[in-house]
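Reader: I should be grateful for a close look at a single residue, set against the background of the whole fold. Please give the account as one connected answer.

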Amino acid sequence: MLCGPPLEPAVRDDLALGLRVVASLGPHDVGQACVVRQGTVLAVEALEGTDRMVRRAAEFGAGAVLVKAAKREQDMRFDVPVIGPTTLEVAIEARLRAIGLEVGRTLVLEPERSLPAAERAGITVVGLGPEDA
């Protein structure tokens, strides 16, 4: 866990579902993120990008999780999954509960600014590996 309160089992289940969903999108070259709440996929990232997808998902209410991960055959030289201060601001506005980031394949820009903002808002930011899917 990078920051935030401990996760309840239901939130961990949502993160696991999100990780599986993003992995399943890879072969279709759709996106690198999704938003899940209570076992339901609220939004999948497409061309609009993460921030707009989170805003769209927020229309369904608070308490969701964001999962950001690379596609299995992602060319990490050109298109690395990233979150940063702007995504954290959007996550706070959307009242997300947690953000799951694929370990070793997702970057946090300005972590000294981003992670404390998440902590203050009560958003847990956690690394996710294959064992979490």
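Author: Among contacts in the protein between residues at least 6 apart in sequence, 70% join residues at least 24 apart. The model under discussion is a predicted one.

One pair that is remote in sequence involves S24: this residue and K71 are 47 residues apart along the chain, yet their C-alpha atoms are 8.6 Å apart in space. S24 belongs to helix α1, which covers residues 9–25. As for its surroundings, S24 has a relative accessible area of 43%. Because buried requires under 20% and exposed over 50%, S24 counts as partly exposed.

The background to this residue is a protein of 4 helices and 7 strands. Read from the N terminus, these elements follow the order α-β-β-α-β-β-α-β-β-α-β.

The overall dimensions come next. A compact globule of 133 residues would have a radius of gyration near 14 Å, and the protein, at 13 Å, agrees with that expectation. Along the principal axes, its C-alpha atoms fill a box of roughly 35 × 30 × 30 Å.

With regard to burial, 49% of the 133 residues count as buried, whereas S24 is partly exposed. The protein exposes about 6,800 Å² in total, and carbon and sulfur atoms supply 54% of that area.

Charge completes the description. The protein carries 15 positive and 19 negative side chains, and the centres of these two sets lie 2 Å apart.

Terms used. Residues are numbered from 1 along each chain as its sequence is written. This is a predicted model: local features need pLDDT of at least 70, side-chain atom pairs count only at pLDDT 80 or more; totals for chains, interfaces and linings use all residues. Side-chain values use heavy atoms; hydrogens and water are left out. Helices (H or I, at least four residues) and strands (E, at least two) are DSSP runs, numbered from the N terminus. The radius of gyration is taken over C-alpha atoms; the globule rule is 2.2 Å times the number of residues to the power 0.38. Buried means under 20% relative accessible area, exposed over 50%, partly exposed in between (1.4 Å probe, protein chains only). Contact means heavy atoms within 4.5 Å. Accessible areas come from the Shrake-Rupley method with a 1.4 Å probe; for residues, only the protein chains shown count as cover. Lys and Arg count as positive and Asp and Glu as negative; His and the chain ends are not counted. The place of a charge is taken as NZ of Lys, CZ of Arg, CG of Asp or CD of Glu.
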